[in-house]
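Here is a short briefing on the annotated binding sites of one protein model. Look over the sequence and structure, then read on.

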Amino acid sequence: MPTPSMEDYIEQIYNLMEAKGYARVSDIAEALEVHPSSVTKMVQKLDRDDYLNYEKYRGFILTAKGKKVGERLVFRHELLEEFLEIIGVDNENIYVDVEGIEHHLSWNSIDRIGDVVNYFKADGSRVEELKKMHQEAEQ
């Protein structure tokens with residue numbers, strides 16, 4: 001199992017590779033607000049743990065294991081954003097809140113949150129009822 005820090009890197013690498021077809025150390029460093037040397041160290045660790053294949057001075061690619069983990073991490077992130085949006089969290093707080101909680105929930109909890117999101121999405125009137133409850137509580 002990757003650590004929360006490893007997850008951040010895998011998720012970022014996955015997102016960059018999906019968007020651009022490649023992920024550079026400088027892009028990862030900028031996105032995660034870390035030094036390029038920290039990225040290089042983590043890339044080497046991810047290589048040792050078989051999440052990516054790294055060749056010095058040549059770059060790296062995610063392994064099948066890394067892609068699978070990356071997909072799951074992106075799913076988790078997007079699901080939590082959607083959940084917080086549904087329950088009425090202000091948009092300006094959603095990203096920071098997801099970053100704060102995503103590593104602290106079990107996959108069982110993530111699956112149950114997915115059930116709640118699907119419940120609300122199955123009938124749009126449920127979301128409207130929840131919004132109405134929020135408005136009444138604020139008054």
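**Two annotated binding sites**

In an unreviewed entry, UniProt lists Asp8, Glu99, Glu102 and His103 as "binding site". These residues are spread over 96 residues of sequence, but they cluster in space, with a largest C-alpha distance of 10.1 Å. From this set, Asp8 and Glu99 belong to the lining of the largest pocket. Keep in mind that the model is predicted.

UniProt also places a "binding site" feature, again from an unreviewed entry, at Glu11, His77, Glu99 and Glu102. No two of their C-alpha atoms are more than 11.8 Å apart although they span 92 residues in sequence, so they gather at one spot. Glu11, His77 and Glu99 from this set help line the largest pocket.

**Glu99**

- UniProt's record names Glu99 in the set with Asp8 and His103, and it names Glu99 again in the set with Glu11 and His77.
- Glu99 sits in helix H5, which covers residues 91-101.
- Glu99 is partly exposed, because its relative accessible area is 28%, between the cut-offs of 20% and 50%.
- Leaving out residues up to four places away in sequence, Glu99 touches Asp8 and His77.
- Asp8 comes from the set that UniProt lists with His103, while His77 comes from the set with Glu11.

**His103**

- His103 lies in the loop between H5 and helix H6, the latter made of residues 107-122.
- His103 counts as buried, because its relative accessible area is 19% and the cut-off is under 20%.
- Beyond residues up to four places away in sequence, His103 touches Pro4, Glu7, Asp8 and Arg76.
- One of these partners, Asp8, also makes a polar contact: the side chains of His103 and Asp8 come to 2.7 Å.
- Asp8 is listed with His103 in the UniProt record.

**Glu11**

- Glu11 is placed in helix H1, residues 4-20.
- Is Glu11 buried or exposed? Glu11 is buried, because its relative accessible area is 8%, where buried means under 20%.
- Setting aside neighbours within four places in sequence, Glu11 is in contact with Leu73, Val74, His77 and Glu102.
- Among these contacts, His77 and Glu102 are listed with Glu11 in the UniProt record.

Technical notes
Residues numbered from 1 in each chain as written. Predicted model: local features only at pLDDT ≥ 70, side-chain atom pairs only at ≥ 80, totals over all residues. Heavy atoms only, no water. UniProt positions renumbered as here; feature names shortened; annotations may be inferred. 1 Å grid on protein atoms, 1.4 Å probe; cavity = no way out; pocket = protein on both sides within 12 Å on 5 of 7 lines; lining within 4 Å. Helix = DSSP H or I, 4+ residues; strand = E, 2+ residues; numbered from the N terminus. Buried < 20%, exposed > 50% of the residue type's maximum accessible area, 1.4 Å probe, protein only. Contact = heavy atoms within 4.5 Å. Polar contact = N/O pair within 3.5 Å; in protein donor to acceptor, adjacent residues only side chain to side chain.
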